Amino acid sequence: MLRDAVKDVRRISQGLRPTVLDELGPVAAIRDIAEQLSGERPSWINFSTDGAAYRLPEPVETVIFRVAQEGLTNAVRHSGSSRIEARKAC
């Protein structure tokens, strides 16, 4: 039971702040979620960036990631679009 509980805690904690966000930053994490949501259609979601990528305080990065994740998820579920464009400016 203890092993199962530890696995559950790890799964939940990784879901709160994905490892890719810690390791590579918000741009790479958002690109990763876009690729996951695209599934077998790799060109369906296009995520592009302008300017240099830089790190922000962890809570800010987490919020940016979650807002982008929710926006992309909603676009996939509800837009009916054949292509989604997301862009990081600045």
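**Legends to the close-up views**

**View 1. Helix α3 and its packing partners in the predicted model.** The buried residues of helix α3 pack against α2 (19-24), β1, α4 and β2, in a model that is predicted. These buried positions of α3 are P26, V27, A29, I30, I33, A34 and S38. An α-helix has 3.6 residues a turn, so residues three or four places apart point the same way. Helix α3 itself covers residues 26-38, and its 13 residues reach 18 Å from the first C-alpha to the last, close to the 18 Å expected at 1.5 Å a residue. Just after α3 comes G39, which takes a positive phi of about 60°.

**View 2. The surroundings of A34.** A34, a residue of helix α3, counts as buried because its relative accessibility is 3%, where the cut-off for buried is under 20%. Leaving aside residues up to four places away in sequence, A34 touches I45, F47 and L72. A75 can be located in the same view: A34 and A75 are 41 residues apart along the chain, and their C-alpha atoms are separated by 11 Å.

**View 3. The paired strands β1 and β2.** Strand β1, residues 45-49, pairs with β2 in the parallel sense, and the pairing runs over five bridges. Within this pair, I45 stands opposite I84 in β2. The route between the two strands passes from β1 through helix α4 (residues 58-78) to β2, and this β-α-β crossover is left-handed. The side chains of β2, which spans residues 84-88, alternate along the strand: I84, A86 and K88 point to one face and are buried, whereas E85 and R87 point to the other face and are not buried.

**View 4. The loop that leads into β2.** S81 lies in the loop between α4 and β2. At 32% relative accessibility, S81 counts as partly exposed, because that class lies between the cut-offs of 20% and 50%. W44 is shown with S81 for reference; the two are 37 residues apart in sequence, while their C-alpha atoms are 9.0 Å apart in space.

**View 5. The whole chain, for orientation among the close-ups.** The protein has four helices and two strands, which follow the pattern α-α-α-β-α-β when read along the sequence. Its C-alpha atoms fill a box of roughly 45 × 30 × 20 Å, taken along the principal axes. Of the 90 residues in the protein, 27% are buried, and the protein exposes about 6,400 Å², of which carbon and sulfur atoms supply 56%. Among contacts with a separation of 6 or more, 76% are accounted for by residues 24 or more positions apart.

**View 6. Confidence of the prediction along the chain.** The protein averages a pLDDT of 83, and 92% of the residues score at least 70. Among the elements of the protein, helix α1 (residues 2-16) has the lowest mean pLDDT, at 76, and α4 has the highest, at 89. Where pLDDT is low, the predicted coordinates should not be read in detail.

Key. Residues are numbered from 1 along each chain as its sequence is written. This is a predicted model: local features need pLDDT of at least 70, side-chain atom pairs count only at pLDDT 80 or more; totals for chains, interfaces and linings use all residues. Side-chain values use heavy atoms; hydrogens and water are left out. Buried means under 20% relative accessible area, exposed over 50%, partly exposed in between (1.4 Å probe, protein chains only). Two strands pair if DSSP finds at least two bridges between them. A crossover is right-handed if, with the strands pointing away from the viewer, the path from the first strand over the helix to the second runs clockwise. pLDDT is the predictor's confidence in each residue, from 0 to 100. Contact means heavy atoms within 4.5 Å. Accessible areas come from the Shrake-Rupley method with a 1.4 Å probe; for residues, only the protein chains shown count as cover. The expected span of a helix is 1.5 Å times one less than its number of residues.
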